[in-house]
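This report goes through a structure under a few short headings. Please look over the sequence and the model before reading on.

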Amino acid sequence: MNQTPKISVIVPVYNAERHLRQCIDSILSQSFSNFELLLVDDGSTDTSGTLCEQYAAKDARVQVLHQKNAGVSAARNCGLDEASGEFFTFVDSDDFLDEGFLQAALEGIERENADVFLSGLQMETYAGGKRTQTDVYRIAATRVYSIKELLDALEQDYPQICICGPCCKLYRAEICRTLRFNRKLNFGEDTDFNLDVFAAAKRVLFSEEVFYHYRREGTASLFGRFHPDTHEVHSLVYGKMYALMRQIGCEEETLRRFGALYFAMSVGQLHEYFRFKPQNSRKQRRMLLKKIAADPLLRGVQRGDVRDAKNRVVLFLLRRKLYTPILLLFEAYYFLRRAHE
């Protein structure tokens with residue numbers, strides 16, 4: 001490249017040959033062109049590495065970095081180590097962008113002198129090669145937030161998913177030049193990274209626009225895998241979020257709402273154990289309930305804070321350490337669910 005890139009676009013690539021072309025084409029077709037595209041081949045065993053090299057041969061903005069397979073965090077970190085842009089963003093190799101993302105993100109973040117630009121995402125669920133569902137997650141109206149205001153608005157102005165991942169965001173490199181993804185986490189590493197960014201940032205521009213298309217497909221998706229350490233990771237990551245909320249002085253109502261959200265995620269962990277029942281035992285499911293019951297982040301959660309009626313029942317039984325009735329309720333729920341499939 002003849003000019004210093006304004007933006008570094010980092011794409012971790014692992015066995016992504018099916019959708020990689022669509023991803024890369026959507027980036028190279030951006031209306032803003034002064035960027036570098038860092039394709040980090042994480043030891044792919046399909047043709048992904050070759051495809052990356054083919055694009056690099058055709059477009060000087062594309063740089064390919066090859067490494068032994070070490071996971072998505074290591075791949076993103078590799079991209080960060082090589083990034084030279086004043087700003088950076090991430091795109092997953094099976095997702096794609098609308099052409100105006102970089103232009104809108106850069107104009108917005110510079111206009112508002114923000115440290116981070118956030119926008120919504122469109123989650124597209126596929127089965128058998130066909131899109132079966134589309135869900136859009138966004139903020140109702142564009143707004144500039146301080147970090148306290150951003151976290152106080154969680155699940156009020158916008159759904160939690162909007163701040164979890166590294167995608168559909170533009171980061172000012174100056175404020176997070178030394179930050180890296182935690183390679184010890186198999187999931188939740190993106191939320192963990194963003195919390196480090198938020199701790200360092202002062203202003204965030206949250207755009208109501210949606211540019212990012214997130215592909216959710218089959219068992220290759222994060223949502224389609226069983227994580228036996230799901231509670232430990234959630235406790236670590238969301239304990240960090242809670243600590244940041246306390247540190248910056250978030251409102252008590254925010255902390256109560258966070259507790260209810262965290263409890264809903266904890267019930268979701270139990271659902272995960274039942275969805276992947278062959279991969280865990282009844283003893284492990286009971287142990288998970290005991291961990292949830294003892295979790296310090298849930299001590300202040302009141303039944304009135306929990307919106308879902310079924311979850312209020314679970315909380316009532318959990319407070320009394322009535323684990324067997326909870327397990328029986330879940331057994332019955334999934335038995336009836338399978339019977340109607």
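## Contacts of I163

Beyond its neighbours within four places in sequence, I163 touches L118, L151, L154, Y158, K169, N194, F198, F206 and M241. These contacts come from a predicted model.

## Nonpolar cores

I163 belongs to the largest nonpolar core, which has 68 residues. Together with Y158, F193, F206 and F263, I163 is listed among the residues with the most contacts inside this core. Helix α9, which covers residues 252–275, gives the most to the core, with 10 residues.

Another core lies apart from this one and has 39 residues. Its members include I27, L37, V64 and F211.

## Packing of α11 and α12

Two packed helices are described by the angle between their axes and the distance between the axes. For helix α11 (residues 309–319) and helix α12 (residues 323–339), the angle is about 155 degrees and the axes are 8 Å apart. Because angles over 145 degrees count as roughly antiparallel, α11 is roughly antiparallel to α12.

Which residues of α11 and α12 meet? On the side of α11 they are V313, V314, L317 and L318, and on the side of α12 they are Y323, P325, I326, L329 and F330. The residues of this contact divide into 9 nonpolar, no polar and no charged.

## Salt bridges

How many salt bridges does the count come to? The count is 23 salt bridges. One of them pairs E124 with R131, with the closest N and O atoms 3.6 Å apart. Is E124 buried or exposed? E124 has a relative accessible area of 1%, and since buried means under 20%, E124 is buried. Its partner R131 is partly exposed, with a relative accessible area of 46%.

E112 and R111 form another salt bridge, and here the closest N and O atoms are 3.4 Å apart. R111 has 56% relative accessibility and counts as exposed, because the limit for exposed is over 50%. E112 is partly exposed, at 24% relative accessible area.

A further salt bridge joins R143 to E149, and the closest N and O atoms lie 3.8 Å apart. R143 is partly exposed, with a relative accessible area of 35%, and E149 also counts as partly exposed, at 35% relative accessibility. Elsewhere, K277, R282, R285 and E331 are joined into one network by salt bridges that share partners.

How values were computed
Residues numbered from 1 in each chain as written. Predicted model: local features only at pLDDT ≥ 70, side-chain atom pairs only at ≥ 80, totals over all residues. Heavy atoms only, no water. Salt bridge = Lys/Arg side-chain N within 4 Å of Asp/Glu carboxyl O. Buried < 20%, exposed > 50% of the residue type's maximum accessible area, 1.4 Å probe, protein only. Axes fitted to C-alpha atoms, helices over the stretch in contact; angles between N-to-C directions. Helix = DSSP H or I, 4+ residues; strand = E, 2+ residues; numbered from the N terminus. Parallel < 35°, antiparallel > 145°, perpendicular 65-115°, else oblique. Contact = heavy atoms within 4.5 Å. Nonpolar A, V, L, I, M, F, W, Y, C, P; charged D, E, K, R; others polar. Core = buried A, V, L, I, M, F, W, Y, C linked by side-chain atoms within 4.5 Å.
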